[in-house]
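How can a descriptive word be traced back to the value behind it? The questions below ask this of the structure shown here, and each answer sets a value against a definition.

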Amino acid sequence: MKRLMIAANWKMNKTVAEAAAYIKDLGPRLAGWDRVEVVICPPFTCLAYLSDALKHTELQLGAQNLFWEPKGAFTGEISAEMLLDMGCRYVIIGHSERRQMMGESDQDINRKLGSAGGAGLIPIFCVGETLPEREDSQTRNVVQRQLEQGLAGLDLQELVIAYEPVWAIGTGLNASPADAQDTCKYIRDCLGRHRDESWAAAVPILYGGSVTALNIQSFVEQPDINGALVGGASLDPEHFARIVRLNMDA
Ligand code: PEP
C-alpha cells in the first residue's frame with residue numbers, strides 16, 4: 001500500500017490561540033493512523049508555537065513561502081534558514097495565490113526552490129493551469145513550463161509536487177480523478193526527463209483543489225497521486241482528520 005502525504009495549507013488563517021485549540025483537537029483524532037504523513041503549514045506567526053507543540057507528535061511542520069536570500073535588507077521577508085530554525089521540514093513554493101496576487105514569476109520560484117533545497121527544506125512546489133488555459137487545452141504545456149523553469153539548473157534530492165488546477169482552488173470545483181491522474185502522470189514524466197525515472201517515481205505528487213472528506217479517496221486511489229494539499233477543508237480539525245483518515249471511519 002503506498003504511503004500518502006496530506007498537507008494543510010492554512011493560508012492567512014488562525015491566531016496562535018486558535019492553532020493551539022486546533023492541535024489539541026486534531027491529535028487524538030489521528031491517534032494510531034500511520035498511513036499518511038501529515039504536514040501543517042500555518043502562517044509564519046504560528047510557526048514558533050507549533051514547532052514546540054508538534055515536537056512529540058508525528059505531525060510535520062511546513063511554511064507557506066520563503067525568500068531566496070539567506071539574510072539582509074529584505075524588509076518583511078523570511079529565509080529558508082529562518083524556517084529551518086523554526087523546525088520546518090517543508091515549505092510551499094509557487095502557490096497560485098502568490099503567482100497571481102504577488103506576481104511571482106517562474107524565475108522567482110526557481111530561486112526559492114534552489115534556496116529551500118540548498119538549506120535542507122523540502123519544497124512543496126505548486127503547479128497548475130488557469131481556467132482559460134485549460135479551456136485552450138494548454139494544461140500540459142503550462143505545467144511543463146512551470147516545472148522546467150521552476151527546476152532549471154537545480155538538482156533537488158527531495159521534492160514534493162502539488163498539482164493544483166487554479167480554477168479548482170477554493171471554488172468547490174474539482175478536476176475529475178481521471179483528469180487529475182492524467183496530469184499527475186504527465187508531471188511525473190516531465191520529472192523523469194528533468195532528472196531520471198527512479199527519482200521521479202519517488203517524488204510524491206499531491207492533488208489540490210477543493211479536496212474534502214467526500215472526495216479524497218477518489219484522488220488517492222489514482223496511481224500517480226500520492227496525497228493532497230488541502231486549503232479550506234483543513235481549517236476544521238474534525239473535517240481535516242476525516243480527510244487524513246481517508247474518510248474511512250466517517
Ligand atoms: C490550496 O490553497 O492549496 C487549496 C488547494 O485550497 P482549497 O483546498 O481550499 O481549494
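**Words and the values behind them**

Q: Why is the crossing of α7 and α8 called right-handed?
A: The crossing of α7 and α8 is right-handed because the near helix is turned clockwise from the far one by less than a right angle, whereas an anticlockwise turn would make a crossing left-handed. α7 and α8 (residues 177-194) pack at an angle of about 35 degrees with their axes 10 Å apart, where axes are lines fitted to C-alpha atoms, for helices over the stretch in contact, and angles run from 0 to 180 degrees between N-to-C directions. The contact involves Thr139, Arg140, Val143, Gln144, Leu147 and Leu151 of α7, which meet residues of α8 including Asp182, Tyr186 and His194.

Q: What kind of model is this, and which parts of it are used?
A: This is a predicted model, in which local features need pLDDT of at least 70 and side-chain atom pairs count only at pLDDT 80 or more, while totals for chains, interfaces and linings use all residues. Residues are numbered from 1 along each chain as its sequence is written, and side-chain values use heavy atoms, with hydrogens and water left out.

Q: What makes α5 and α7 oblique to each other?
A: Helix α5 (residues 106-119) and helix α7 (residues 139-151) pack at an angle of about 50 degrees, with their axes 7 Å apart. Angles under 35 degrees count as roughly parallel, over 145 as roughly antiparallel, 65 to 115 as roughly perpendicular and the rest as oblique, and α5 and α7 are therefore oblique to each other. In passing α7, α5 makes a right-handed crossing. On the α5 side the contact is made by Asp106, Gln107, Asn110 and Leu113, and on the α7 side by Arg145, Gln146, Gln149, Gly150 and Leu151.

Q: How do you know that asparagine 110 is buried?
A: Asparagine 110, which lies in helix α5, has a relative accessible area of 18%. Buried means under 20% relative accessible area, exposed over 50% and partly exposed in between (1.4 Å probe, protein chains only), so asparagine 110 counts as buried. Not counting residues up to four places away in sequence, asparagine 110 touches Gln149, Gly150, Leu151, Ala152 and Leu154, where contact means heavy atoms within 4.5 Å.

Q: Why is phenylalanine 74 called partly exposed, whereas alanine 201 is called exposed?
A: Phenylalanine 74 has a relative accessibility of 33%, so it counts as partly exposed. Alanine 201, placed in helix α9 (residues 197-202), has a relative accessible area of 56% and is therefore exposed. Phenylalanine 74 lies in the loop between β3 (60-63) and α3 (80-85), and, leaving aside its neighbours within four places in sequence, it is in contact with Phe67 and Glu69.

Q: How do you know that the buried residues of α1 line one face of the helix?
A: In α1, Ala19, Tyr22, Ile23 and Leu26 are buried. Seen down the axis of α1, its buried residues fall within an arc of 100 degrees, so they line one face, the arc being that of the directions from the helix axis to the C-beta atoms. On the other side of α1, Ala17, Lys24 and Pro28 are exposed. The buried residues of α1 pack against β2 (36-41), α2 (47-53) and α11, and both helices and strands here are DSSP runs (H or I, at least four residues, for helices, and E, at least two, for strands), numbered from the N terminus.

Q: Why is α11 described as largely enclosed?
A: Six of the eight residues of α11 are buried, so the rest of the structure largely encloses this helix. The buried residues are Pro237, His239, Phe240, Ala241, Ile243 and Val244, and what covers them includes β1, α1, β2, α10 (216-220) and β8 (227-230). α1 and α11 pack at an angle of about 35 degrees with their axes 9 Å apart, and Tyr22, Asp25, Leu26 and Arg29 in α1 meet Pro237, Glu238, Phe240 and Ala241 in α11.

Q: What makes the phi of leucine 246 worth pointing out?
A: Most residues other than glycine have a negative phi. Leucine 246, found in the segment after α11, has a positive phi near 55 degrees. With a relative accessible area of 3%, leucine 246 is buried. Lysine 14, in the loop between β1 (4-9) and α1 (16-29), also has a positive phi, near 90 degrees.
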